[in-house]
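Student: I'm new to this one and a bit lost. Could you pick one small part, look at it closely, and then carry on to the rest from there?

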Amino acid sequence: MVDAARQPLIEVKAYTEVERVEGFVGNFKVTLREKAKYVRADRCNGCAACAKACPVEVPNYFEMNLAPRKAAYIPMSQSVPLIYNIDMDACIHCYKCVEACGALEAIDFSMEDKVVEEEIGAIVVATGFGHFDPTPMTEYGYGRFPNVITAMEMERLNNSAGPTRGSLMRPSDSKSPRRLAIINCVGSRDKRYNSSCSSFCCMYAIKNALLLKQMIPEMDISIYYIDIRTPSKGYEEFYDRAREAGIKFIQGRPAGITEDPDSHQLFIKSEDITLGRVVEHEYDMVMLNQAAIPQPDQNHMSSVLNVAQSPGGWYMEYHPKLRPMDSPTDGIFFAGACQGPKDIPASVAQGSAAAARASRILHSDTWQIEPTVAVVWEDRCVSGKGQACGICERACPYGAIDYTKGISAEVITAKCHGCGACVGECPHDSITQLHYTDAQVLAQIRTLLAVEPEKKILAFRCQWCSYGGADLAGTSHFEYSANERGLRVMCSARMDADLIYEAYRLGAGAVLFSGCHPQDCHYITGQIAGAKRAARLDKMFARLGMNPARFRTEWISAAEGDKYARVINEMQAALDAIPQDELKAEIERLKPEMEKKLSKLNQIPGVEEAMIQVDFIVSEMQNKAVPI
Amino acid sequence: MSLPEKSTLAEQIKAIPGGEMLMMCFSCGTCTSKCMIQEKLEPAYNPRRLIREAAFNLEDMAFNDQTTWLCSACDLCYPACPQKIHISAVINAVKQLAVAQGRQNPHQTAKVNEFTCVACGLCVEICPYEAIALIGKKVPFRGMINVASVDPGKCMACGICNAACRSTSIRLEQDFNDNLVLENLWGWLESEAV
């Protein structure tokens, strides 16, 4: 941190809040509130004279409120930048600090918050994690029993720079504890509080146990756990070292802690799973290894940065496996535990990766994005004609569409990732996607279904998953029906209902609506929009009396080549089971319905012209003038 | 209740309301260390083990496990369970399945004297386990009448019905029957008097 502060190209803005982030990759406009420190940064030399003179003492949050600090303070002696700060909530305005500061004249009570706007190319978010407060878990008595402490309090109590100068003592009588229990998974892996695993606490408990064992070798340390998770390189060896050092591992989550009110001794009753028996042990001190949770203001920050959150509240990455350091918004990156609980090596790796990603932006004059971006036909958008709509804005997973009633919707091209969700959702067909325009996709459908459409299975595949699955089926030589005709779009969200109507209008035997599994979608929520639409279509086709074998929705990953082949074969078998005359009658019966739904198709710009050409090719195909 | 036939024990339990979360148990042992029956009555009592037996379809073990028959459904464990498994409901499901298979409840249950029962329904209202129902039955000398009937799969022999019945028609016959309770009471009063 000191190195960072000394590097001339790095500016550390301590005590500053991000208020607003606007713009897009390479061109962010960030509004910052530089909060008043009441000490002038250009004059303060960190001599601590003001803190010595200050008569006010308040709990120091950095020491988990176990030690006091003055109203003129720095949170810890290694603070960077080393500039004191006056806590106005605690200050009694005695001005003793001004006297103590003397000729330096660094203290300035007239300072005010400063709001500045900066041009920023890329943003790395590294806001870390928060700690679960175990007070609501009354069974562990945190807050009631003085000798029950949290892991972060333990961290300060055995730290040589901490309030006890590194000699561990229990809060009730300042004696050095001889029997210590560590309880894991306090508030994590617990559906009542946080159902996820905090990932690093097992190693953290073992680290603390070994550290304390080195400090006080005669100390008896037990770790209560549900499962011990030591998944990384060298971690299991570390666990072995702890066993060798005589640390007791007890499998079993204690239901509660009781206390002797006179001696403040603690008793833990738990089932020892390996013995299958309930055991009770006495301890001098208990450390609760509490869950890592998102920062308390993470919800607020996620709306400021316009990045989504995963179900647990952590920032959501672009892709959990392939792009874990990128946010879905280009130019915003995540480093460390703000994206999910992780230990130091993983945080450092992610931080370095994020920095490298950010420097790529800073070093380029232009920025390439997917070419398949959305474009609005302004003359068709109903919002421009004064109607309330905004469906495209709600459909966009990236917040790339600006909708204001009265003016036609606008796509912020730099933010668009090209999924086509807006195109699929727009009820007025006033938005299209480059390289996947309605004319282009309709042309493909018509040529694919040019000959004997009632025998064909038209498969809509998404670029990332089901198309890859079909590819894998091919390269793996998994045989599937030759009547399948695949059609690629970027995402299942792009699979417009019109395209499916068109397939049935042309008399397609069956249609497969396929895409990624919900958690694998490359466009955050694209698959969800696609799945909703597919369910809606399914219901409607049932109402129209269509044979259910003719429409199928399947989520197939790029690794599921066998599933793709199986699905197509099953569809073929189901299609074969329908008698030919019945199928033809149904196609004829539904044709007018579909035509009714597609009546406005030719009004879409480019469609009519394209279809004239396509119809020529189709007729050539039907006359077998061109190979099918 | 209709249960899916020819399915495994775990599937049958999951089909009974309250048993849905059976497979979520990760064997942390919180329920066992929370349990009052384990602490006060029976050291070998272990709901965690029973859930494991049920999840692994060990029917004989589960039906013979005294955990199945001793649980009083006090639900101390339910709010403590980190996986939100309704443990007493799971145990109750195991018990119902055991009774449905013809296993006898090894502990006593309340017995109805059908010759004196007037089918007032007080016991039905008051039973905390919903173990009592009024059924139409042909009783000797009384003909076809409504009488209370105790489901041995649900009765926990708490004796509340015994205390509530105004015609002493529903009773515990072994432990904690009227005579024993009165004897204890008199013994206690006498010792207090001294």
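**A hairpin, and what lies beyond it**

Tutor: Let's start with the hairpin of β21(A) and β22(A): two residues sit between its strands, and Gly406(A) has a positive phi near 110°. Before going on, some ground rules. Residues count from 1 along each chain as its sequence is written, while chains are lettered from A and ligands numbered from 1 in the order they are written. This is a predicted model, with local features needing pLDDT (the predictor's confidence in each residue, from 0 to 100) of at least 70 and side-chain atom pairs counting only at pLDDT 80 or more, whereas totals for chains, interfaces and linings use all residues.

Back to the hairpin. β21 (residues 401-404) and β22 (residues 407-411) of chain A pair in the antiparallel sense, over three bridges. Strands here are DSSP runs of E, at least two residues long, and helices are runs of H or I, at least four long, numbered from the N terminus; two strands pair if DSSP finds at least two bridges between them. Ile401(A) has Val411(A) in β22(A) as its bridge partner.

Where does this sit in chain A? The domain assignment (automatic or from a database) gives chain A domain 1 (2-126), domain 2 (130-293), domain 3 (369-435) and domain 4 (438-622). The C-alpha centres of domain 1 and domain 4 of chain A are 61 Å apart.

Chain A also has an open sheet to compare with the hairpin. Its five strands run in the order β10-β17-β11-β12-β13, and here the pairing is parallel. β10 (148-150) and β13 (248-251) of chain A each have a single partner strand, so one side of each lacks a neighbour in the sheet. From one strand to the next, the twist averages 25°; axes are lines fitted to C-alpha atoms, for helices over the stretch in contact, with angles from 0 to 180 degrees between N-to-C directions. Zoom in on β11 (residues 179-186) and β12 (residues 220-225) of chain A, which pair in the parallel sense over five bridges. There, Ala181(A) stands opposite Ser222(A) in β12(A). Across β11, β12 and β17 (285-290) of chain A lies helix α5 (residues 201-215), running at about 170° to β11(A).

Now for the meeting of the chains. Each of chain A and chain B puts 16 residues into the contact, where contact means C-beta atoms, placed from the backbone, within 7 Å. On the side of chain A that touches chain B, strand β15 (residues 266-272) of chain A gives the most, three residues. That side of chain A has five nonpolar, three polar and eight charged residues (Ala, Val, Leu, Ile, Met, Phe, Trp, Tyr, Cys and Pro count as nonpolar, Asp, Glu, Lys and Arg as charged, and the others, Gly among them, as polar). The predictor gives the complex an ipTM of 0.82 and a pTM of 0.82.

Finally, a stop in chain B, whose mean pLDDT is 90, with 96% of its residues at 70 or more. Met21(B) is in the loop between α1 (9-15) and α2 (30-34) of chain B. With 18 C-beta neighbours inside 10 Å, Met21(B) is partly exposed (20 or more would be buried, 12 or fewer exposed). Beyond its neighbours within four places in sequence, Met21(B) is in contact with Gln83(B), Lys84(B), Ile85(B) and His86(B). Met21(B) and Gln83(B) are 62 residues apart along the chain, yet their C-alpha atoms are separated by 8.2 Å.

Notes. Contact = placed C-beta atoms within 7 Å.
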